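Open the model in your viewer and keep the selection panel at hand. The stops below say what to select and what is found there.

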Amino acid sequence: MTINTVNASFDNELVIALMGKGGTGKTFTSLGLIQCLRKLDRAMIVADADTNRSLSRYLAAHYLGYGEEELKQLPLITQAEQDFYDYQQLDSEQTYREFYGTPFDKVEKFSVEPPDYFTQKYTKSLDDKLALMSVGTSAMRMEELYSTRCSHATLNPLKAWLALSTNGIVVLDCGGGEDSGRFGLPIGANVVVVVVEATPDAIAISEDIRAIDEQLGIPVVYVLNKCLNQFPQVEAFEAEHQDTIVGKIPFIPSIYGKNPLEVFNEIEFIFTPIVEKIITQKLSSPQQRWERVLRWQERLQQQREVTKSQPFSFIS
C-alpha cells in the first residue's frame, strides 16, 4: 500500500494533532508527516500552536525564504477573537462558554479548500496547496505580557476552528507537555499523534497525555522517536501499546541540525508507512467532533457548579 492508494480513507477532512513531552522531536515528526501527507494532493493548513514557533520557522524559511523579522509579520490566530465572533454571528454579550454549547447545525463551519474569509485572513499561503496558521511569532508581545487573560483563553478561536474545519487536511503542532490537552485544544482532532522519545520521562508524559485525550474521547496513536536506547519502561510501553504504535523513528545523525524539509528524501521511507497507518484510522465526522466539544463543555459547567457549592478555604 502507498499513500496515493488510500485517498478514499477520508472523505472531506482530516485533523491531526501532535503532542508529546518537550524535546521529543515533535516538530521533526510534524514536518515528516506534513511532507508525506502532501502526496494526497489535498489542501492542507499547518496550525503551529507551539509558542517556540519552530514549525513556523522551518516552513516559512523553506517555502518563503523568511527570517525572524518576516515571521513577526505573520497573522496570529490569538488575535482573531473579534473576527471569530463576527464570522459566527455572535453578539458582544455572548461568550465562548455559550458558543461551545451551540448545536452543530447552528454553528458556522470553516473550510480549508476553498478557504473561508476567516481562515484565509489568519493563514499565510506557502504554496497553492499548503498554508500556515501561527499562534506565536515573536519572542515577546507587549499585549500578551501585560494581558489579564491566560494563554488558554487566547487560544479559543483556534480550538473552535480546529473542531469545525472541513474540506482538507489540518496538522496541529501543540506545545510540549500535556497542558494543551488539559484545556481542550486538540478536542476537534480526528486523532492525536503522541511523539514519544525512548526515555522514561517521555513515557511518563505520554501516559498523562493519553489519559487526558481518552477522557476527552480523542483517539490516540504513538510514534516512537530517537530509538537509540532501550529502557525497561520503554519495553513495557511498547508491549502495552503495540497496537497503537504507528511507527518508530531511529536516531539519524546525518540530518542532525538540518531543516528536515531540505533532507526529506533521506527520511521519507520512515514517514510513509506512518502516514498510511494514521489515515486508515477510523475517523470522526465533523458533527461527531463537535459533539465531543459539547460534552466537554457540559462537563466543565458541571465542575463549575460543584466548585461554587464548596466552601472556600485557605490551605496552609
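The tour goes from the whole chain to the sheet, then to some helices and single residues.

**The whole chain**

Start with everything shown as a cartoon. This is a predicted model. The chain has 316 residues, of which 52% are buried. Counting secondary structure gives 14 helices and 10 strands. The accessible surface of the chain is about 15100 Å², and carbon and sulfur atoms account for 50% of that area. How many of the contacts between residues at least 6 apart in sequence join residues at least 24 apart? The share is 80%.

**The sheet**

Now select the strands β4, β5, β2, β7, β1, β8, β9 and β10, which lie in that order in an open sheet of eight strands with mixed pairing. Which strands stand at the edges? They are β4 (residues 124-127) and β10 (residues 245-248); each has a single partner strand, so one side of each is left without a neighbour in the sheet. On average, neighbouring strands of this sheet are turned by 20 degrees against each other, direction ignored.

Strands of a sheet pair through backbone hydrogen bonds, in a parallel or an antiparallel sense. For a parallel case, select residues 44-48 (β2) and 168-173 (β7), which are paired over five bridges. Within this pair, V46 stands opposite V171 of β7.

**A helix on the sheet**

Keep β7 in view and add residues 156-163, helix α9, which packs on the sheet. Helix α9 touches β1 (13-19), β2, β5 (130-134) and β7, and its direction makes about 140 degrees with that of β7. Select N156, a residue of this helix. Is N156 buried or exposed? N156 counts as buried, with a relative accessibility of 10%. Beyond its neighbours within four places in sequence, N156 is in contact with Y96 and Y100.

**Strand β8**

Next, select residues 191-197, which form β8. Seven of the seven residues of β8 are buried, so the strand is largely enclosed by the rest of the structure. In a regular strand, side chains alternate between the two faces of the sheet. Show the side chains of β8: V191, V193, V195 and E197 are on one side, V192, V194 and V196 are on the other, and all are buried.

Strand β8 pairs with β1 in the parallel sense, over four bridges. There, V191 is the bridge partner of I16. Strand β8 also runs parallel to β9, joined to β9 by six bridges. Select V194 to find Y222 of β9 opposite.

**Helices α13 and α12**

Add residues 264-279, helix α13. This helix lies across β1, β8, β9 (220-225) and β10, running at about 175 degrees to β10.

Then move to residues 232-240, helix α12, where V234, F237 and E238 are buried. These three cover an arc of only 95 degrees around the axis, which puts them on the same side of α12. P232 and E240, on the other side of α12, are exposed. What do the buried residues of α12 pack against? Their partners are β8, α11 (200-216), β9 and β10.

**Helix α2 and the residue after it**

Select residues 54-64, helix α2, whose buried residues are S54, L55, S56, L59 and A60. Those buried residues pack against several elements, including α1 (26-37), α3 (68-71), β2 and β4. Just after α2, pick G65, which has a positive phi of about 70 degrees.

**A loop and two cysteines**

Select D128, in the loop between β4 and β5. D128 counts as exposed, at 69% relative accessibility. Add A43: the two residues are 85 apart along the chain, while their C-alpha atoms are separated by 8.0 Å.

End with two cysteines. C36 is buried, with a relative accessible area of 0%. C174 is buried as well, also at a relative accessible area of 0%. How many disulfides does the structure hold? The number is zero.

Notes:
Residues numbered from 1 in each chain as written. Heavy atoms only, no water. Pairing = 2+ DSSP bridges. Axes fitted to C-alpha atoms, helices over the stretch in contact; angles between N-to-C directions. Contact = heavy atoms within 4.5 Å. Disulfide = S-S within 2.5 Å. Buried < 20%, exposed > 50% of the residue type's maximum accessible area, 1.4 Å probe, protein only. Arc of directions from axis to C-beta. Areas by Shrake-Rupley, 256 points an atom, 1.4 Å probe, with all protein chains shown as cover.
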